[in-house]
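This briefing turns to strand pairing, helix packing and ring contacts in the model shown below. Please read it with the structure open alongside.

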There are 2 protein chains.
Amino acid sequence: MDGDADERRLAWVYLSRVVQGPCAPLSALIASVGVCEAARAVREHELPQALRGPTAARREIDSAAEDLETMARLGGRVITPEDDEWPGWRMLGLDQLDTDRDRDGAVPLVLWARGPLSLQAASERAVAVVGSRCSSGYGVQVAGEIACDLAGRGWTIVSGAAFGIDAAAHRAALAVGGSTVAVLACGVDRPYPAQHDRLLTAIADTGLVVSEYPPGVTAQKHRFLARNRLIATLGDGVLVVEAGMRSGARNTVKWARRLGRPAMAVPGPVGSVSSAGCHRMIREGEAHLVTRAEDVIDEAGPLRLPVAESADADPAAHLHGAEAEVYAALPAIGSRLPRELAQQSGLDVATVRAVLPALELAALVGCDSDGWFRTRGRRPG
Amino acid sequence: MDGDADERRLAWVYLSRVVQGPCAPLSALIASVGVCEAARAVREHELPQALRGPTAARREIDSAAEDLETMARLGGRVITPEDDEWPGWRMLGLDQLDTDRDRDGAVPLVLWARGPLSLQAASERAVAVVGSRCSSGYGVQVAGEIACDLAGRGWTIVSGAAFGIDAAAHRAALAVGGSTVAVLACGVDRPYPAQHDRLLTAIADTGLVVSEYPPGVTAQKHRFLARNRLIATLGDGVLVVEAGMRSGARNTVKWARRLGRPAMAVPGPVGSVSSAGCHRMIREGEAHLVTRAEDVIDEAGPLRLPVAESADADPAAHLHGAEAEVYAALPAIGSRLPRELAQQSGLDVATVRAVLPALELAALVGCDSDGWFRTRGRRPG
């Protein structure tokens, strides 16, 4: 790898401020020559044509060290693709998009973050809950109920901290002590909307506030669309609780569909304009109708193994990634504690802890006072 | 054909009372030997094994002449497959069902009817609107609004005269002077439910009350399921406005699906038990979500010609039956009155009048003070 760790971090941060948002040609250059060499090329304007425009305005500004200091003062950090908490497998969908078609579909260069959660662990089992800013009392209630249920079962609620449904979803997760991630279209140092200053502080206290924009960057219209792709990227699925006919939630649903994530929508009274967008998405096959947390888990759950039918098959055949590794680390008979599973699998304990409930949900593992065990080994037949 | 017209009518009526409901083996026997010979075979018990059971209890009762008198006194009639108003093309779906699998899926022997409408004309463009007997205020309102809109546009509302959604749909059609057909699970001389005596009288005054059961037969559980197949049969589609998880409306939807008719359901608040069945049907792909009359017409409309794309194609290529004949009877340039179209096509005027609005809906024909014309001939390009 080019440069040392500090040098690479400064290069990521410099480039993040230069392009301010997704930039597929820059991601391609970094993949090809490394981040330090890419930063040098941008600084010296030795660039392929596609990168000259996007870097021209700010390539002479290098406030990387200052940006890192600003974030440290805020108790925040930058997360680069080289960091352990980078949710690499979540980004695979973006990585596979045809960025010629989806111009804003690139993997973010870095993510700026405030809050105690590991982004990787928080997004391991997560649902995006989004919807109308002009929500009805019905929508706020339903968003709150479903988000409460999901957060209470260990699902992270990802949303955009907007008025209406977004705020209801974040608040519900906070209320039950669950995990929640707010993805902003501006720097994480800026409360947006301003009225949600306290909400964002509360999220940063126990969850995560993240953004691909460096500190100080203001919210602008095109940034909301790019932000929506990150909301869709960080969840196992996108749930729309209320949406008018021109709601931004439909944009998030489109990202979910491009990324291969299930899109879901909650119906409502047919006379309600706040539900009209949900009804249209269901009617046009863009989203599945769901009415409660169980439906969302059915759609978005990482494991949909039909347990009854798997008696003769290898139950782990459907698993991949950390789930497969944790399952493999469990003995056929007997129990293990999460730290033992971490040692055995080489994964960190947070990841093991994040994966186990998903395996439990799929009825593959159970848990008692001795630790976690494979359910197949305990059952007769 | 065996026997004269009166003799055959008496044979149909006799057999209708003997089997009281759908009886596929009897329909097969009639198709094979004619109705008079079938009636003789039943009377004399010279029957294939499959018909002995279903005819044993009542084959010795021949009250056909009396039944016809009873109906005449009620201002009603029996409609046999030999009558002009028999909706033969509606019955094609039932005729093609595998009656070994769908035991109650047979074409009815006859239909008993009260009311001034021709069953054939009334069912030419019709939607079944059904739902929960324990409807909510929301459900009654939505059923009323959609049925009003549909009836006001010339669609016949078919339903079952039950409490709740059924009654709301019938009443809405009556309120706008539209056509409505109530299909009963008992004789048309019996008001069922008794509290709907006045509603049924109002329907019989301007619409139709029909049943496959002879006068005097009481409503029994299995008859509601067979009745539901007729409700599905008589419409271009089935719309469920509200349904609990165990609603009979789901049975009507199943018939619609077997018959190849679109099934539709209206969503509602997710907390409402009256909408839970609708949500399940939408979620499981058994019914399409609709929110208003336009959606229903989109789904159930007999013609879904994409007008803009048909400039180079023969617009009549998608038509069949009476629609194709009426369209063919219209000149490329100039207008015709319905009676001229009837002469030209050999169809009766009522059929022509029933078909024209469907063609108009598909933007194939228009109407002005000179009569009806093809729209293609009037448009530039």
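**Sheet, helices and rings**

In chain B, strand 8 (residues 263-265) and strand 9 run parallel and are joined by two bridges. The model is a predicted one, and the points below begin with the sheet of chain B before they turn to side-chain rings.

**The sheet of chain B**

- Across the pairing of these two strands, B:Met264 stands opposite B:His288, which belongs to strand 9 of chain B.
- The sheet in chain B is open and has nine strands, in the order 1-2-6-5-4-3-7-8-9, and its pairing is mixed.
- Because strand 1 (76-79) and strand 9 (288-289) of chain B each have a single partner strand, they stand at the edges, and one side of each is left without a neighbour in the sheet.
- In general, strands of a sheet pair through backbone hydrogen bonds, and they do so either parallel or antiparallel.

**Helices on the sheet**

- Helix 12 (residues 249-258) of chain B lies across strand 3 (126-130), strand 7 (238-240) and strand 8 of chain B, and it runs at about 155 degrees to strand 7 of chain B.
- Helix 14 (residues 293-300) of chain B also packs on the sheet, where it touches strand 3, strand 7, strand 8 and strand 9 of chain B, and its direction makes about 165 degrees with that of strand 8 of chain B.

**Aromatic pairs**

- Over all chains, a search of the whole structure finds two aromatic pairs.
- The ring centres of A:Tyr192 and A:Phe224 are 5.6 Å apart and the ring planes are at 55 degrees, so this pair counts as tilted.
- Because A:Tyr192 lies in the loop between strand 5 (180-183) and helix 10 (197-206) of chain A, while A:Phe224 lies in helix 11 (residues 221-234) of chain A, the pair ties together parts that are 32 residues apart in sequence.
- A:Tyr192 counts as partly exposed at 39% relative accessibility, and A:Phe224 also counts as partly exposed, at 22%.
- In chain B, the rings of B:Tyr192 and B:Phe224 have centres 5.7 Å apart and planes at 55 degrees, so this pair is tilted.
- B:Tyr192 counts as partly exposed at 40% relative accessibility, and B:Phe224 counts as partly exposed at 22%.

**Charges over rings**

- The charged end of B:Arg43 sits over the ring of B:Tyr14, at 4.3 Å from the ring centre.
- The charged end of B:Arg223 sits over the ring of B:Tyr213, at 5.3 Å from the ring centre.

Note on methods:
Residues are numbered from 1 along each chain as its sequence is written. Chains are lettered from A and ligands numbered from 1 in the order in which they are written. This is a predicted model: local features need pLDDT of at least 70, side-chain atom pairs count only at pLDDT 80 or more; totals for chains, interfaces and linings use all residues. Side-chain values use heavy atoms; hydrogens and water are left out. Rings of Phe, Tyr and Trp (its six-membered ring) pair if their centres lie within 6.5 Å; planes under 30 degrees apart count as stacked, over 60 as edge-to-face and the rest as tilted. Helices (H or I, at least four residues) and strands (E, at least two) are DSSP runs, numbered from the N terminus. Buried means under 20% relative accessible area, exposed over 50%, partly exposed in between (1.4 Å probe, protein chains only). A charge sits over a ring if NZ of Lys or CZ of Arg is within 6 Å of the ring centre and within 35 degrees of the ring normal. Two strands pair if DSSP finds at least two bridges between them. Contact means heavy atoms within 4.5 Å. Axes are lines fitted to C-alpha atoms, for helices over the stretch in contact, and angles run from 0 to 180 degrees between N-to-C directions.
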